[in-house]
Amino acid sequence: MHTSLCRAAAVVSALSLAVLGAAPAEAAPPPLRVATYNIHAGAGEDGVFDLDRTAAALRDLHADVIGLEEVDVHWGERSEFADEAHALAAKLRMRVFFAPIYDLDPAAPGQPRRRFGVAILSRFPVLATENHEITRLSTQDPDPVPAPAPGFAEAVVAVRGTFVHFYATHLDYRPDPAVRARQVADMLAVLGQDRGPKILVGDFNADAAAPELGPLWTNLRDAAAGAGATYPAADPASRIDLVTVSPDVRVVGARTVATLASDHRPVVADVVVR
């Protein structure tokens, strides 16, 4: 009886496939929305500190993973000594990794250390993090020389079964491109140690066509080439805030978002990782 039922089931199944056609192919994974935003330490284009306004601008992006630049953590009066990284994560209900560029003694004994850097927010689980060093020219030293310093953030994010390496950076702002060129080389060395999909975002303080950024494009693609300028926010003339991806990441769409919650505009990109 059992064998007969199995044969009957096989016949019914075959007839069903003949009538209905083969089973549909597996649905394509939904896009992953990533973003970069230089938050200007929580101050808008008007110079007013308002972290709720920053959070609202971030919320409106509907992004899954976000790289933030110019993040204060108990840094000073300009941001009311707030821990911006964890405050924004709490407001958005996202995970956070903060990577300080500067980690200074507190303003007074017993107070938290004063830190400034970049951060990564994620709706997906974060499996590992690292604050890498790249060449920097310190803004805290009256007579700086290029030297390795932290502040190049990496988070390994578990996106629907795929491990994505997400990096956030903030490159040197000075007109001389020499330090940025060294920073690009340093970042590529870090990326070269990782396998799998890679997404690098940040404030590069240079247009994508700048010669010092040229080596990036041997390993990465500009995911938002037609997305529009990002700085200054009120009347942007330069596209210095970039989303870049490795060749195994497919870009579905990208755009620059008009907002005055910072002196930069954020950039979002919808990508597919496999």
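This briefing walks through the structure shown above, topic by topic. The model is predicted. Its protein chain holds four helices and 12 strands. Of the 274 residues in the chain, 50% count as buried. The largest pocket encloses about 470 Å³ of space.

**Overall layout**

- Along the principal axes, the C-alpha atoms of the protein chain fill a box of roughly 90 × 40 × 35 Å.
- Take the contacts between residues at least 6 apart in sequence: 68% of them join residues at least 24 apart.

**The largest pocket**

- The largest pocket has a space of about 470 Å³, and 24 residues line it.
- Closest to the centre of this pocket are E70, F116, T139, H170 and Y173.
- The lining is made up of 10 nonpolar, seven polar and seven charged residues.
- As a general point, rolling a probe the size of a water molecule over the atoms shows where empty space is left.

**Nonpolar cores**

- The largest nonpolar core has 27 residues. L32, V34, F166, I199 and V243 touch the most other members.
- Eight strands are listed as giving at least two residues each to this core: β1 (32–38), β3 (95–104), β4 (114–122), β6 (147–159), β7 (162–170), β8 (198–203), β10 (241–245) and β12 (267–273).
- Another core lies apart from this one. That core has 25 residues, among them L51, A57, L92 and V257.
- What does I199 touch, leaving aside neighbours within four places in sequence? The contacts of I199 are L32, V34, V164, H165, F166, Y167, V243, T244, V245 and V271.

**The six-stranded sheet**

- Six strands form an open sheet with mixed pairing, in the order β5-β6-β7-β8-β10-β9.
- Why is one side of β5 (126–136) and of β9 (221–222) left without a neighbour in the sheet? Both strands stand at the edges and have a single partner strand each, so one side of each has no neighbour there.
- β5 pairs with β6 over nine bridges, in the antiparallel sense.
- Within this pairing, T135 stands opposite P148 in β6.
- In a regular strand, side chains alternate between the two faces of the sheet.

**Strand β4 and its partners**

- Seven of the nine residues of β4 are buried, so this strand is largely enclosed by the rest of the structure.
- β4 runs antiparallel to β2 (residues 65–73), and seven bridges join the two. Here L68 stands opposite A119 in β4.
- β4 also runs antiparallel to β3, with nine bridges between them. F98 has A119 in β4 as its bridge partner.
- A119 therefore appears in both pairings, opposite L68 and as partner of F98.

**Unusual backbone geometry**

- Most residues other than glycine have a negative phi, and most peptide bonds are trans.
- Y231 and P232 are joined by a cis peptide bond, with omega about -10°. P232 sits in the loop between β9 and β10.
- H62 is not a glycine, yet its phi is positive, about 55°. H62 lies in the loop between α2 and β2.
- Is H62 buried or exposed? H62 has a relative accessible area of 57%, which is over the 50% cut-off, so H62 is exposed.
- F81 is not a glycine either, and has a positive phi of about 55°. F81 is in the loop between β2 and α3 (84–92).
- F81 is partly exposed, with a relative accessible area of 34%.

**Loop residues G47 and P146**

- G47 belongs to the loop between β1 and α2 (51–59). With a relative accessible area of 52%, G47 is exposed.
- G47 and R78 are 31 residues apart in sequence. In space, their C-alpha atoms are 9.6 Å apart.
- P146 is in the loop between β5 and β6. P146 is partly exposed, at 36% relative accessible area.
- Not counting residues up to four places away in sequence, P146 touches T135, R136, L137, V179 and R182.
- P146 and R182 are 36 residues apart along the chain, and 9.2 Å separates their C-alpha atoms.

How values were computed:
Residues numbered from 1 in each chain as written. Predicted model: local features only at pLDDT ≥ 70, side-chain atom pairs only at ≥ 80, totals over all residues. Heavy atoms only, no water. 1 Å grid on protein atoms, 1.4 Å probe; cavity = no way out; pocket = protein on both sides within 12 Å on 5 of 7 lines; lining within 4 Å. Points joined across faces, edges and corners; volume = space filled by probe spheres on them. Nonpolar A, V, L, I, M, F, W, Y, C, P; charged D, E, K, R; others polar. Core = buried A, V, L, I, M, F, W, Y, C linked by side-chain atoms within 4.5 Å. Buried < 20%, exposed > 50% of the residue type's maximum accessible area, 1.4 Å probe, protein only. Contact = heavy atoms within 4.5 Å. Pairing = 2+ DSSP bridges.
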